[in-house]
Amino acid sequence: MTKSILVLKLGSASITTNAEIDEAIIADITRQVAKLTENYHIILVSSGAVAAGKKYLKNYKGKMTERKAAAAIGNPLLLGTYSRYFQPYGISIAQSLCERQHFSNRTQFLQLKETYEELWKNNVIPIANENDVVSNLELKFSDNDELATLLGVGFGASLILLGTSVPGVLDKKGEVVNRIDLINSDVFSLATKNTSEVGLGGMTSKLTFANLATSMGIKVVIFGVRTEDGILKAVAEQTGTVCEPKVCSIPARNKWLASGSLVTGRLTVDDGACKAIRDRKSLLAVGVRSIQNPFNAAEIFEIIDQEGSIVAVAKSKVFSAAITQDSKQHNLEVANASDIVIL
């Protein structure tokens, strides 16, 4: 493809007003996105379905079944609104309801990618959202910030825009932090724990997934959707908070492994194993100190150091039970170096 990929995530609070889809905002968003299609293949990740649909349910309290029902009602309303406002620009849209399993299975993920590429060839913008109607609680995305990041990393996007109802990451004085070179504990301390009445995420979520995306070499801008020409200015780095990407040269498969896979297991390793992993060597059973969450062969697990920090993710060669079954198997290869991604 000749164009770069741009992922634009829009939060519920930024595109709804009083639990109604704000058509003036949608009109402004489509105007700006239409301009960006000249230079980018766009993935639009839009919240708002639950917010748009809940008013049709009597005595809505926000229970899981009610959220699913609201999403089922709100999705066609949301998509219909986008379609109507993109039409004057000659742009069609397609709905893409995603589940975690679409990312944990590489074959399914590549099929999703091929479908998006076919849509772009035909001047169609995919609008992605979680498939709330059938998503199970344990396997849900934490929020659409995560979905946007998994799509961006998996598809090799050059830019992820996280649109929100505030103008960016704010410092202790309430002023926008224009640029962040490294997302560390000091940066996370700026995030409030609050979320909007209609959204699931918050600034902590945005920074968490911005950290993942930037570590995979993708620039992220956190910006206010209601800023005048906010999307266009965010692309030009004239508004919001720009999170600078790190240098990253790992292959696409390993990016998928690090970000899109469904982690099932977790184990702790000793300092020697940590050093070996960082030296691009395989993980052997001798270096495993304990297993927190068991896993099967070919499943993805997290590798934790003795301080509790995540060192890497890996695809297992063996069942976790085999690591402890025979203490003589010190040379048992738990994960090959080619299947380990250092974080």
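A polar contact is a pair of N or O atoms within 3.5 Å, where, inside a protein, one atom must be able to donate a hydrogen and the other to accept it. I begin there because that cut-off of 3.5 Å decides what I may say about the residue that opens my talk. Please also keep in mind throughout that what we are looking at is a predicted model.

Let us start with D22, which sits in the loop between strand β3, residues 20-21, and helix α2. Which side chains does the side chain of D22 join through polar contacts? One is that of T17, at 2.8 Å, and another is that of R226, at 3.4 Å, so this second pair still falls inside the cut-off of 3.5 Å. If we leave aside residues up to four places away in sequence, D22 touches I15, T16, T17 and R226. Is D22 buried or exposed? Its relative accessibility is 16%, and because buried means under 20%, D22 counts as buried.

D22 also has a part to play in the description of the helix that follows, since at the start of α2 one of its side-chain oxygens comes to within 3.2 Å of the backbone nitrogen of A24. Helix α2 itself covers residues 23-36, which is 14 residues, and from its first C-alpha to its last it reaches 20 Å, close to the 20 Å expected at 1.5 Å a residue. Its buried residues are I25, I26, I29, T30, Q32, V33, A34 and L36. As you look at that list, it may help to remember that an α-helix has 3.6 residues a turn, so residues three or four places apart point the same way. Within the list you can pick out, for example, I25 and I29, or I26 and T30, as buried residues of α2.

Now please turn to helix α7, which has 12 residues and reaches 16 Å between its first and last C-alpha, again close to what is expected at 1.5 Å a residue, namely 16 Å. How many of the residues of α7 are buried? The count is 12 of 12, so this helix is mostly covered. The buried residues run from N144 and D145 at one end to G154 and F155 at the other, and they include charged residues such as D145 and E146. Just after α7 comes G156, whose phi is positive, near 70°.

What packs against α7? On the one hand there is helix α9, residues 203-215, whose axis is 9 Å from that of α7, at an angle of about 10°. That makes α7 roughly parallel to α9. In this contact D145, E146, T149 and V153 of α7 meet S205, K206, F209, L212 and A213 of α9, and the residues involved divide into 4 nonpolar, 2 polar and 3 charged.

On the other hand there is α6, whose axis comes within 11 Å of that of α7 and crosses it at roughly 85°, and the two helices are therefore roughly perpendicular to each other. Here F109, L112, K113, Y116 and W120 from α6 meet L151, G154 and F155 from α7, and this contact divides into 6 nonpolar residues, 1 polar and 1 charged.

I would like to finish with some residues in loops. Most residues other than glycine have a negative phi. N123, however, has a positive phi, near 60°, and it lies in the loop between α6 and β6, where it is partly exposed, with a relative accessible area of 40%. A298 is not a glycine either, and its phi is positive at about 75°; this residue lies in the loop between β13 and β14 and, at 48% relative accessibility, counts as partly exposed.

Two further loop residues have opposite surroundings, one being buried and the other exposed. D339, in the loop between β16 and β17, is buried, with a relative accessible area of 15%, and, not counting residues up to four places away in sequence, it touches R253, L257, V313, A314 and K315. V247, in the loop between β10 and α11, is exposed, with a relative accessible area of 88%. V247 and M216 are 31 residues apart in sequence, and the distance between their C-alpha atoms is 7.7 Å.

Key. Residues numbered from 1 in each chain as written. Predicted model: local features only at pLDDT ≥ 70, side-chain atom pairs only at ≥ 80, totals over all residues. Heavy atoms only, no water. Axes fitted to C-alpha atoms, helices over the stretch in contact; angles between N-to-C directions. Helix = DSSP H or I, 4+ residues; strand = E, 2+ residues; numbered from the N terminus. Parallel < 35°, antiparallel > 145°, perpendicular 65-115°, else oblique. Contact = heavy atoms within 4.5 Å. Buried < 20%, exposed > 50% of the residue type's maximum accessible area, 1.4 Å probe, protein only. Expected span 1.5 Å × (residues − 1).
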